[in-house]
Amino acid sequence: MLTIEIRAELINENPQPQIHITHIDSGTGFDEKSLRTYNHILDHPEVRKNGYSIGIYNIASRLRLTLGENSTIVFSNELGKGARIDIIFPYVRYRSADSENEMEVTGK
C-alpha cells in the first residue's frame with residue numbers, strides 16, 4: 001500500500017518568512033535522470049514540446065512567475081521511504097478585497 005505524508009510549516013527566518021511544504025511517499029522514488037531533470041526543470045523548456053514532465057514544468061514556472069526567485073521545488077529520495085518533494089515559497093499574507101492589494105508579499 002502506498003502511503004503519502006504531507007507537511008506544511010511556516011519558517012520565520014529573516015528577512016522573509018517562507019512556507020515549506022513537504023511530500024514524502026513510500027513508492028520507488030525517482031531515478032537519477034529524473035532527479036537531474038526535475039531539479040533543473042526550468043532549464044528544460046523542451047518538456048513543453050514533448051509533453052514529458054510538463055506538469056512539473058508548469059508548477060515550477062508558475063511559482064517563479066507568481067512568487068519570484070525565492071520559490072523553489074526540490075526533488076529527492078527519502079532514505080527508507082520513497083520520493084520526496086519540497087516546495088518552498090515566500091509567505092504571502094492575504095488581504096481583503098477592500099484593501100488596495102489583495103495579496104501582500106511580506107518582507108518586501
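How exposed is E78, by its relative accessibility? At 25% relative accessibility, E78 counts as partly exposed. The legends below take this predicted model one close-up at a time.

**View 1. A four-stranded open sheet.**
The sheet is open and has four strands. Their order is 1-2-4-3, and the pairing is antiparallel. Strand 1 (4–11) and strand 3 are the edge strands, since each pairs on one side only. From one strand to the next, the twist averages 15 degrees. A general point helps here. Strands of a sheet pair through backbone hydrogen bonds, and the pairing can be parallel or antiparallel.

**View 2. Strand 2 beside strand 4.**
Look at strand 2 (residues 18–25) next to strand 4. The two run antiparallel, and seven bridges join them. Two partner pairs can be picked out. I21 has I87 of strand 4 as its bridge partner. H23 has I85 of strand 4 as its bridge partner.

**View 3. Strand 3 beside strand 4.**
Strand 3 also pairs with strand 4 (residues 83–90) in the antiparallel sense. This pairing has six bridges. T72 is matched with I88 in strand 4. I73 stands opposite I87, again in strand 4. I87 is also the bridge partner of I21. Strand 4 itself is mostly covered, with six of its eight residues buried. In general, side chains along a regular strand alternate between the two faces of the sheet.

**View 4. The turn between strand 3 and strand 4.**
Strand 3 and strand 4 form a hairpin. Five residues sit between the strands. One of the features to find here is G80, which takes a positive phi near 80 degrees.

**View 5. The largest pocket.**
How many residues line the largest pocket? The lining has 14 residues. Nearest the pocket's centre lie I41, L42, A60, R64 and I73. Helix 3 (54–67) and strand 3 (72–77) are the elements that give two or more residues to this lining. Helix 3 supplies the largest share, four residues. About 180 Å³ of space lies in the pocket. By class, eight of the lining residues are nonpolar, four are polar and two are charged.

**View 6. I56 and L42.**
I56 is found in helix 3. With a relative accessible area of 21%, I56 is partly exposed. The cut-off for buried is under 20%, so I56 at 21% does not count as buried. L42 is 14 residues from I56 in sequence. From C-alpha to C-alpha, the two are 9.3 Å apart in space. L42 is also among the residues nearest the centre of the largest pocket.

**View 7. The salt bridge of R64 and E69.**
Side chains of opposite charge can pair when their charged atoms come close. Here the side chains of R64 and E69 meet in a salt bridge, at 3.5 Å from N to O. Which partner is exposed, and which is partly exposed? E69 is exposed, with a relative accessible area of 63%. R64 is partly exposed, at 28%. R64 has a second place in these views, as one of the residues nearest the centre of the largest pocket.

**View 8. R84 with E78 and D86.**
R84 takes part in two salt bridges shown here. In one, R84 joins E78, and the closest N and O atoms are 3.0 Å apart. In the other, the side chains of R84 and D86 meet at 2.7 Å, N to O. Now compare exposure with the cut-offs. Buried means under 20% relative accessible area, so R84, at 18%, is buried. D86 is buried too, at 8% relative accessibility. E78, at 25%, is partly exposed. Elsewhere, E5, R7 and K81 are joined into one network by salt bridges that share partners. A search of the whole structure finds five salt bridges.

Notes: Residues numbered from 1 in each chain as written. Predicted model: local features only at pLDDT ≥ 70, side-chain atom pairs only at ≥ 80, totals over all residues. Heavy atoms only, no water. 1 Å grid on protein atoms, 1.4 Å probe; cavity = no way out; pocket = protein on both sides within 12 Å on 5 of 7 lines; lining within 4 Å. Points joined across faces, edges and corners; volume = space filled by probe spheres on them. Nonpolar A, V, L, I, M, F, W, Y, C, P; charged D, E, K, R; others polar. Pairing = 2+ DSSP bridges. Axes fitted to C-alpha atoms, helices over the stretch in contact; angles between N-to-C directions. Salt bridge = Lys/Arg side-chain N within 4 Å of Asp/Glu carboxyl O. Buried < 20%, exposed > 50% of the residue type's maximum accessible area, 1.4 Å probe, protein only.
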